[in-house]
Amino acid sequence: MAVTDSFVAFVLEQLDPLGPIVSKRMFGGVGLYVGDLFFALVSRDVLYLKGDDDTRGRREAAGARPFRPFPDRPRGKGKMQYYSVPAGILEDGDRLIAWATEAVSIARAQRTVPPKSTPPVRLKPDTTGASKRTRRGGRASKGPR
């Protein structure tokens, strides 16, 4: 899944109107983020944008193909909800930004909010001067003798 630096630079330049984008190398490809939203990836010098059931038909009609990192997996289990950007759209700034804006919106809508964690339990310090005990109930050692 090699990606050339020049292609990533071209993609970032094309997506510049979207705002600050962070690119991160991952698994031989490059992930693209707007803030903390993962909305696109680059693999083998192909840009893939986040999609969903509503956009799949339109994107495939325009020539997009699903990202298949595991093409040998049966019954479509080797594809993900990212779709290639055809060359004609990649080179048309307005259309590309429209597709990318939609991908960011999809990523935002599909974001899973991590469950709220329970706050850590804070133990009150022992101010009574009582001796400390180990887990097994014995006295804690006071250090080397």
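Leaving out residues up to four places away in sequence, Leu15 touches Ile21, Leu32, Phe39, Leu96, Ile97 and Ala100. That list is a handy way into the fold, which here comes from a predicted model. Leu15 also turns up among the residues with the most contacts inside the largest nonpolar core, a set of 27 residues. Leu32, Phe39, Leu47, Leu49, Val85 and Leu96 are the others named for having the most contacts there. As for where the core comes from, at least two residues each are supplied by α1 (5-14), β2 (29-34), β3, β4 (46-50), α3 (87-90) and α4. Helix α4 gives the largest share, with seven residues. A core of this kind fits a broad pattern: in soluble globular proteins, nonpolar side chains tend to be buried together.

Stepping back to the whole chain, the protein has four helices and five strands. Read from the N terminus, these elements run α-β-β-β-β-α-β-α-α. The chain counts 145 residues, and 32% of them are buried. Among contacts with a separation of 6 or more, 52% are between residues 24 or more positions apart. On the outside, the protein exposes about 10500 Å², and 53% of that area is supplied by carbon and sulfur atoms.

Next up is Thr55, which sits in helix α2 (residues 53-61). Is Thr55 buried or exposed? Its relative accessible area comes to 2%, and since the cut-off for buried is under 20%, Thr55 counts as buried. With neighbours within four places in sequence set aside, Thr55 is in contact with Glu102 and Ile106.

Then there is the second largest pocket, with a volume of about 160 Å³. Its lining is made up of Asp36, Leu37, Phe38, Lys50, Tyr82, Ala107, Gln110 and Arg111. Two elements give two or more residues to this lining, namely β3 (37-43) and α4 (93-110). Sorted by class, the lining of the second largest pocket is a mix of four nonpolar, one polar and three charged residues.

Put side by side, the core and the pocket draw on some shared elements. Both β3 and α4 supply at least two residues of the largest nonpolar core, and β3 and α4 likewise give two or more residues to the lining of the second largest pocket.

Technical notes. Residues numbered from 1 in each chain as written. Predicted model: local features only at pLDDT ≥ 70, side-chain atom pairs only at ≥ 80, totals over all residues. Heavy atoms only, no water. 1 Å grid on protein atoms, 1.4 Å probe; cavity = no way out; pocket = protein on both sides within 12 Å on 5 of 7 lines; lining within 4 Å. Points joined across faces, edges and corners; volume = space filled by probe spheres on them. Nonpolar A, V, L, I, M, F, W, Y, C, P; charged D, E, K, R; others polar. Buried < 20%, exposed > 50% of the residue type's maximum accessible area, 1.4 Å probe, protein only. Contact = heavy atoms within 4.5 Å. Areas by Shrake-Rupley, 256 points an atom, 1.4 Å probe, with all protein chains shown as cover. Core = buried A, V, L, I, M, F, W, Y, C linked by side-chain atoms within 4.5 Å.
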